[in-house]
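Okay, thanks for coming, everyone. Let me put the structure up on the screen, and then I'll talk you through a few parts of it.

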Number of protein chains: 2
Amino acid sequence: MTLTEEIISDLRDSGYRITPQRELIIRAIAESGRHMPVEDIYAAVQEQTSAVNLATIYRTLEMLWEEGLVHRNDLHEGKLAYAVAEHGPHLHLVCRRCKRVIDVDPDILAPLQAVLREREQFEADLEHLSLFGLCIECRD
Amino acid sequence: MTLTEEIISDLRDSGYRITPQRELIIRAIAESGRHMPVEDIYAAVQEQTSAVNLATIYRTLEMLWEEGLVHRNDLHEGKLAYAVAEHGPHLHLVCRRCKRVIDVDPDILAPLQAVLREREQFEADLEHLSLFGLCIECRD
DNA sequence: GTGATTGCAAATCCTTTGCAATCTG
DNA sequence: CAGATTGCAAAGGATTTGCAATCAC
């Protein structure tokens with residue numbers, strides 16, 4: 001079963017209806033293998049057919065996120081971006097001065113995730129996280 | 001020296017000009033002792049005088065953030081919020097399903113911060129962070 | 001005086017919503 | 001068939017920008 005099929009199956013189990021639009025949207029995210037801003041998802045879907053409205057995309061993504069089937073990242077410039085849960089984890093360090101982005105091995109977050117799970121009983125999504133700060137060159 | 005004065009002094013040292021508007025904005029954040037959305041900062045400044053424009057507030061806050069004099073948090077609903085650096089640290093765990101917010105002792109982040117500093121030479125702002133996930137009641 | 005900063009108003013951009021029409025199960 | 005979902009167009013809201021006037025140094 002492909003990733004797209006899995007997500008669709010999950011949705012059906014949860015009582016959602018599967019429309020061609022939803023399928024296209026899910027496929028676009030799943031096959032991209034990356035974190036996509038809404039804008040890109042819309043463009044990807046448009047390539048297949050022009051019959052999907054932006055509002056539908058927003059509504060579908062919100063639903064997928066609430067169901068835990070995609071990750072959402074709204075850190076960058078107030079824009080929303082989504083990726084399928086199985087998309088490889090990422091940790092970005094963003095320098096607030098030079099805007100440089102450093103990619104880090106996300107395993108670094110494992111201890112924190114464990115502590116939150118044990119101590120707060122909270123299952124944190126740390127797979128697509130951006131942290132702000134200053135890189136070495138921008139520190140005085 | 002008060003917190004407001006310190007920030008102003010830093011700005012002057014960096015070559016920025018100190019206008020009454022900037023002073024009011026800085027004072028509003030510093031004296032609030034909390035994380036404020038732009039909206040609240042605007043309201044607080046308006047209470048003193050109606051002579052400050054929203055655009056000026058946005059421009060000033062962006063500048064303060066780039067200078068590292070305030071923290072910025074744009075996680076919640078795409079809105080920007082700011083707080084002075086000395087405002088006590090916070091860590092919020094936000095349940096993406098029930099929207100509940102759990103407050104956690106931010107010391108929990110100290111090990112992560114240390115690792116980022118040593119291994120990536122990155123000084124991360126982890127003092128006002130919101131992490132998303134599922135709380136115990138929303139996990140199936 | 002000079003360049004930085006502000007106010008104003010308009011423009012952008014992202015996202016949400018109401019409602020009638022259309023589909024899915 | 002009934003209720004969920006979509007498209008459309010309009011509204012909403014946050015943030016940004018151009019430019020002339022003003023102010024800090």
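I'll go through a helix, then a set of strands, then the contacts with DNA.

One thing before we start: this is a predicted model, so keep that in mind as we go.

Let's begin with helix α1 of chain B, which covers residues 3–13. Which of its residues are buried? They are Thr4(B), Ile7(B), Ile8(B) and Leu11(B). Now look at the spacing of those numbers. An α-helix has 3.6 residues a turn, so residues three or four places apart point the same way. And here the buried residues cover an arc of only 100° around the axis, which puts them on the same side of α1(B). What covers them? The cover includes α2 (20–32), α4 (54–66) and β3 (81–84), again from chain B. Just after α1(B), look for Gly15(B), where phi is positive, at about 95°.

Okay, β3(B) came up there, so let's go to that strand. Ala81(B) and Ala83(B) point one way from it, Tyr82(B) and Val84(B) point the other way, and all of them are buried. Which strands does β3(B) pair with? One is β1 of chain B, residues 36–37, which runs antiparallel to β3(B) and pairs over two bridges. There you'll find Met36(B) opposite Tyr82(B). Another is β2 of chain B, residues 70–73, also antiparallel, with four bridges to β3(B). In that pairing, Val70(B) has Val84(B) as its bridge partner.

Now for the DNA. How many residues surround DNA strand D? There are 23, and the closest are Arg17(A), Gln21(A), Ala51(A), Thr56(A) and Tyr58(B). On the DNA side, 68% of the strand D atoms that come within 4 Å of the protein belong to sugar and phosphate.

Where do the protein residues come from? In chain A, α2 (20–32) and α4 (54–66) each give at least two residues to the surface near strand D, and so does α4 of chain B. If you sort that surface by class, you get 10 nonpolar, six polar and seven charged residues.

Let me zoom in on some individual contacts. Arg17(A) has a polar side-chain atom 2.3 Å from a base nitrogen of strand D. Two other residues go to phosphate oxygens of that strand: Thr19(A), with a side-chain N or O atom at 3.0 Å, and Arg12(B), with a polar side-chain atom at 3.1 Å.

That's my tour, so questions are welcome.

Note on methods. Residues numbered from 1 in each chain as written. Chains lettered and ligands numbered in written order. Predicted model: local features only at pLDDT ≥ 70, side-chain atom pairs only at ≥ 80, totals over all residues. Heavy atoms only, no water. Buried < 20%, exposed > 50% of the residue type's maximum accessible area, 1.4 Å probe, protein only. Arc of directions from axis to C-beta. Contact = heavy atoms within 4.5 Å. Near = heavy atom within 4 Å. Polar contact = N/O pair within 3.5 Å; in protein donor to acceptor, adjacent residues only side chain to side chain. Nonpolar A, V, L, I, M, F, W, Y, C, P; charged D, E, K, R; others polar. Pairing = 2+ DSSP bridges.
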